[in-house]
Amino acid sequence: MKYLFFAAVFSLLLFNDCIAQETERWDKTVSEHPNTQQWFKDAKFGMFIHWGLFAEAGGTWDGKNYYGISEWMMNRGKIPAADYAKLAKKFNPTQFNAKEWAQVAKNAGMKYMVITAKHHEGFAMFDTKVSDFNIVKATPYQKDPMKPLAEAVRAAGLKFGFYYSQFLDWHEPNGGGNKWDFDETKKDYQTYYRTKSIPQIKELLSNYGPLGLVWFDMPGGLNKDETQALINDVRKIQPGCLISSRVGNGLGDFKDYGDGEIPATVAPNAGPWEALFTHNDSWGYSKFDYNFKTPNEIIRLLTTVSSKGGNLILNVGPDSLGRMPEYSVKYLLKVGQWLKINGEAIYGTTAGLISPQPWGLTTTKGNKLYLHVFERPKNGVIFVPGLHKIKQAQLVCNKSPLQFHEVSGGINIILPKLVDQYNTVIAVDMAVRPAQQTNAAPLVVSNQYQNNALDAIYAKTSGKASVKSITYSHYFGDWKHVPCVVNMEAPADSATFYTNITSPGDYKVTLEYACPPVQAKQEGSMKLNGKDYRFETLPGSDYESHKPLLFIKQTIAIATIKAAGEYTLSIHPLHTGTELFKLKTVWLEPVD
Ligand code: FHN
């Protein structure tokens, strides 16, 4: 009962009919076995699987459809635990095939798999002696799918891990989160941990062979010492098993960002980290959710995360029969085919030394720099700023050498054509490794590309202005995170972008921003190349974290650049008022 007050406040904050989405604080790496982290750092790509009773419902309860993340339906509908538990009577995944799932992950080029052993609904998808609310005792299936899955995944050469919701349990009177059935003031979280959570975690660590990691989620009810004690329990049974930062209290071996979040900046000495996305918008199987990311989108996502030095864990939500979504199987295979050819530019790499370019991104491995080319410049010349003294450049897919020239400020590499429809990779052997570029490096702008984006994360801010990740959702729980320049309320609050405009000409300048209707019609100024361009803001939508946020694109100028060179572009409100807008991107589109 000691932490009842803390936990009650926590629950109130978190579960007032919706879930909050914020990144857990995570300070440092606590594993006493740092060598065990190497596999994780090198892996880069993993499969997340959300599977539970929610797959049986698929987002529908009592004739009502719940759009959004399906695994939260019980909470959203305030479905009594006893009624919800009846889903188990129907849950019969007769088409589940552990080897097939392992093969899908392997063929996708994934190096680890993490599956929900127990999600917030409280149902154990494994054989547990701790509670009868489990797949063996409560369903017609009567088998433990985790046993063959753990074996098949390891046999396929991948690491295997469990997701375990350690605090939220809507089935149990003492579990976190369910206050529609159980009196919040009578909950005893310590008892919950002692009688269900910790014993089940120990079962998972004892009965399923070597685990690569335990992926804890949504901490609560434990202070730092108690969280450390939980970690110690894990380490006692499996010393090499990694622990996610969502174990809470700033602990854990690797950091997980928010759902669907890519960090804007990552410190070069940051520990291992993971970005987590779901293939469509729901984590659990949802009948209505067909918003699957295309192979191109997944490859770009994986490349983006790798270029920042992290891992991507991508979720799939199998249905109640044990089938993975058709589009997941199909599109992940395409990703795997790309990785088969270009994997050396992803696996085992560290963050790209060169900051993002209009043509794409970079990753690094020792003295090799990989250029991931998404957009081919019209003239085929890839300018890599800050790079000097290279030995060779060649296409990764067929090893054919590419011509290159040292030019002022960098290297030009000639790319005759884009050979890959998703991401053409060039491997560069560096004689000298340049220093890691930061977001402060000037942004290359060129008329060789259809458009040039100056994203908020590259803005240097002054006054009260700052760059902040704005979180919002479309449906319930499908979080979006968009870094924006915020708090520009007075002329001194500005956002400045440093650019390197490599080709003279006319550029159309378009601002992309979100502005609530009541704050619209404020005047702003954009200065570029000695000219001051004025504009008035347009109304979009109000900002509420649980609603869609409307970003508007407003063209405010054509700027003529007479000579190539470095230019600053800065934006600020003309008068003191409310926030001018949340600025996402400034687009510079060459006019032919
Ligand atoms: O509430 C869960 C959600 O259902 C899902 O499991 C995600 C995956 O990261 N974690 C929680 C929200 O952050």
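In this predicted model, three strands make up an open sheet in the order E14-E17-E16, and their pairing is antiparallel. Strand E14 (381-385) and strand E16 (404-407) are at the edges of this sheet, each with a single partner strand, so one side of each has no neighbour in the sheet. From one strand to the next, the twist averages 25°. E16 and strand E17 (residues 410-414) run antiparallel and are joined by four bridges. Within this pair, valine 407 is opposite glycine 410 in E17.

Some general background helps in reading such sheets. Strands of a sheet pair through backbone hydrogen bonds, and the pairing is either parallel or antiparallel. In a regular strand, side chains alternate between the two faces of the sheet.

**A sheet of five strands**

Another open sheet has five strands in the order E11-E12-E13-E18-E15, again with antiparallel pairing. Its edge strands are strand E11 (350-351) and strand E15 (390-395), each of which pairs on one side only. E11 pairs with strand E12 (residues 360-365) in the antiparallel sense, over two bridges. Here alanine 351 is found opposite threonine 363 in E12.

A helix is also part of this picture. Helix H12 (residues 295-307) lies across E11, E12 and strand E13 (368-373), and runs at about 55° to E12.

**Strands that pair with E29**

Further along the chain, strand E29 (residues 565-573) pairs with strand E24 (residues 495-501) in the antiparallel sense, over seven bridges. Tyrosine 498 stands opposite threonine 568 in E29. E29 is also joined to strand E26 (residues 523-528) by five bridges, and these two strands run antiparallel. In this second pair, lysine 527 faces serine 570 in E29 as its opposite residue.

**The ligand and its surroundings**

The model also holds a ligand. There are 14 residues around the ligand, and those that come nearest are His50, Glu71, Trp72, His120 and Asp217. By residue type, the shell divides into six nonpolar, four polar and four charged residues.

Which side chains place a polar atom 2.8 Å from an oxygen atom of the ligand? The table lists three of them, with the distance for each.

| Residue | Side-chain atom | Distance to a ligand oxygen atom |
|---|---|---|
| Tryptophan 72 | polar atom | 2.8 Å |
| Histidine 119 | N or O atom | 2.8 Å |
| Histidine 120 | N or O atom | 2.8 Å |

On its own, the ligand has 320 Å² of accessible area, and the protein covers 98% of this. Tryptophan 72 and histidine 120 appear in the table, and Trp72 and His120 are also among the residues that come nearest to the ligand.

Technical notes
Residues numbered from 1 in each chain as written. Predicted model: local features only at pLDDT ≥ 70, side-chain atom pairs only at ≥ 80, totals over all residues. Heavy atoms only, no water. Near = heavy atom within 4 Å. Polar contact = N/O pair within 3.5 Å; in protein donor to acceptor, adjacent residues only side chain to side chain. Areas by Shrake-Rupley, 256 points an atom, 1.4 Å probe, with all protein chains shown as cover. Nonpolar A, V, L, I, M, F, W, Y, C, P; charged D, E, K, R; others polar. Pairing = 2+ DSSP bridges. Contact = heavy atoms within 4.5 Å. Axes fitted to C-alpha atoms, helices over the stretch in contact; angles between N-to-C directions.
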